[in-house]
Amino acid sequence: MALQNLKESAKALVTLGPARKDHWIGLRTGVGVFAPLLALFAIDRLDLVVFAVFGAFTGVYGRVDGYWNRLRMQVRSGALFFAVIALALAASHWWIDHSDPGIKQWQVVGATTLVAGACSVLVGFMRLRPGGSLFHIFAFAAIASIPGPVPFGEALLVAGLTILLSIAIGAAGALGQWTSLWKRTPLPPLSDNVRKAIWWEGLFYILTAGVAGALANTLGNNLEAGHNYWAMVAAVVPLVGHTTSLRIRRGMHRMLGTLVGVILMAILIFLNPQVWILLAFIGFCQFMAELLVMRNYFLAQVFITPMALVGVSLATGLSGSVMYDRVVETLIGCIVGMLGVLLGSWVGSIVKRRQGIIPKGGKQN
C-alpha cells in the first residue's frame, strides 16, 4: 500500500490535468506583467518594479467565462489589490520600524496575519477565484518590508496603471463581439452555510499564517534566513483543496517545486543576463505559471519560484542568499500548513462524529 501511494505521488508530479484554455490566461498575465516592467526599465525606475508586479496579479483573476463576468471579477480584484498595496505602503511609511530588525519582523508578521484573514473573507464574499489570500499576503508583506519606500504617489500610480492595464487586457477579447459583450451570469445569493464557511476559512488563514510567521521569525533567525513572509505565503497554500489528501499534496508540490525552481534561479545567477532579459524571464515565468497552475501545481511552482526571486532581486541585483531564504521559509511554511490541515481534519471528524454526520469508525476525506 505504501509503495502504491508513493508511485501515485510520483506520477502526480508529472501528470497534467485537463486543459481549460490555460494558454490564454497565461498570455494575458504574461503580457500584463512584462509590459509595465519594460516601461519602468525604459524610464530607469526599476525601484517601482514591485508595485507593477503586484498590480499585475489582477490578471490572475480571469478564469471565468464571459467577458462581462471576467470584467466584474477583475475590477473587484483590482480594487482589493490597490487597497492592499496602499495599506502596505502606509504601514511601511508610518508604522513599521525599519531601524530595528527585531521589532520590524514581528510588526510585519502581525499586520500580515490580520491581512491574511481579512482578505480571505473579502475574497470569499466578493466571489473571487482563485480563493484565499495568498497573493494579498505576498503583496502586503513584501511592500511593508521595504525600507525607505519610494514616494507614496508614484508607487500607487504604477500599481493603479498596471491594474487598469490588466483589466483592459482581460476585456480586450470582447472587441468585435458586441452581441455577447453584455451577457452576464447573475451571482446566486450566498447560503448561510457558505457564509459561515467563509468566516471559518478566514480564521484558518489567520491561525496558519500567524503560526508560520512566528516560527519563521524564531527559527529563521537561528537559521540565518530572512523573508519571513515567504513562510506565511507557503503556509496557506495547503488550505486550498476539496479534500485533506489534495491539500497535503498541494503542500508537498509547493516544497518540491521550490527545490527545483531554485535550480533554475542558480542557473540564471550563473548566466547573469542583462536586465531586459530578466524582465522577459519574469513575463515568461508568469505565462508558464498560469499555463500550469490549474493542471499541475508542482510544475507551476518550478516557474513561480524563480519569478518571485528575480522580482525581489531586480533592484539590488541577483543573489544566491535569496535562494537559501526561499527554501528555508518555504519548508517552514508548508510544514505548518500541512500540520494545520491534518489537525483541522481531525478536529472536524470528531465534531461530525459527535453530531452523527459520519459514523464512528468512518473516514473523512
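This report covers the nonpolar core, one helix, the aromatic contacts and one loop residue of a predicted model.

## Nonpolar core

The largest nonpolar core holds 87 residues. Within this core, F51, F54 and F138 touch the most other members. Nonpolar side chains tend to be buried together in soluble globular proteins.

F138 has contacts beyond its sequence neighbours within four places. These partners are F54, F57, Y229, W230, V233 and A308. Another core, of 5 residues, lies apart from the largest one. Its members include A216, A225, V328 and I332.

## Helix α2

Helix α2 runs over residues 22-42, 21 residues in total. At 1.5 Å a residue it should span 30 Å, and its end C-alpha atoms are 30 Å apart, so the expected and modelled spans agree. After α2 comes D44, with a positive phi near 60 degrees.

Many positions in α2 are listed as buried, among them D22, I25, G26, R28 and T29. G30, G32, V33, P36, L37 and L40 are also buried. The buried residues of α2 pack against four helices: α3 (49-56), α4 (67-94), α7 (152-171) and α12 (275-292).

## Aromatic pairs and cluster

The whole structure contains 13 aromatic pairs. One of them joins F54 and F138 in an edge-to-face arrangement. The ring centres are 5.1 Å apart, with 80 degrees between the planes. This pair links distant parts of the chain. F54 sits in helix α3 and F138 in helix α6 (residues 134-144), 84 residues apart.

Both rings belong to buried residues. F54 has a relative accessible area of 3%, under the 20% cut-off, so F54 counts as buried. F138, at 12%, is also under 20% and therefore buried. F54 and F138 also belong to one aromatic cluster, together with F57, Y61, F81, F135, Y229 and W230.

## Arginines over rings

Two arginines lie over aromatic faces. R250 lies over the face of Y297, at 4.1 Å from the ring centre. R326 lies over the face of W230, at 5.1 Å from the ring centre. W230 is also a member of the aromatic cluster and a contact of F138.

## Loop residue S145

S145 lies in the loop between α6 and α7. Its relative accessible area is 16%, under the 20% cut-off, so S145 is buried despite its place in a loop.

Leaving aside neighbours within four places in sequence, S145 is in contact with H98, K104, V108 and Y229. Y229 is likewise in contact with F138, and Y229 belongs to the aromatic cluster.

Key. Residues numbered from 1 in each chain as written. Predicted model: local features only at pLDDT ≥ 70, side-chain atom pairs only at ≥ 80, totals over all residues. Heavy atoms only, no water. Core = buried A, V, L, I, M, F, W, Y, C linked by side-chain atoms within 4.5 Å. Buried < 20%, exposed > 50% of the residue type's maximum accessible area, 1.4 Å probe, protein only. Contact = heavy atoms within 4.5 Å. Helix = DSSP H or I, 4+ residues; strand = E, 2+ residues; numbered from the N terminus. Expected span 1.5 Å × (residues − 1). Phe/Tyr/Trp six-rings, centres within 6.5 Å; stacked < 30°, edge-to-face > 60°. Lys NZ or Arg CZ within 6 Å of the ring centre and 35° of its normal.
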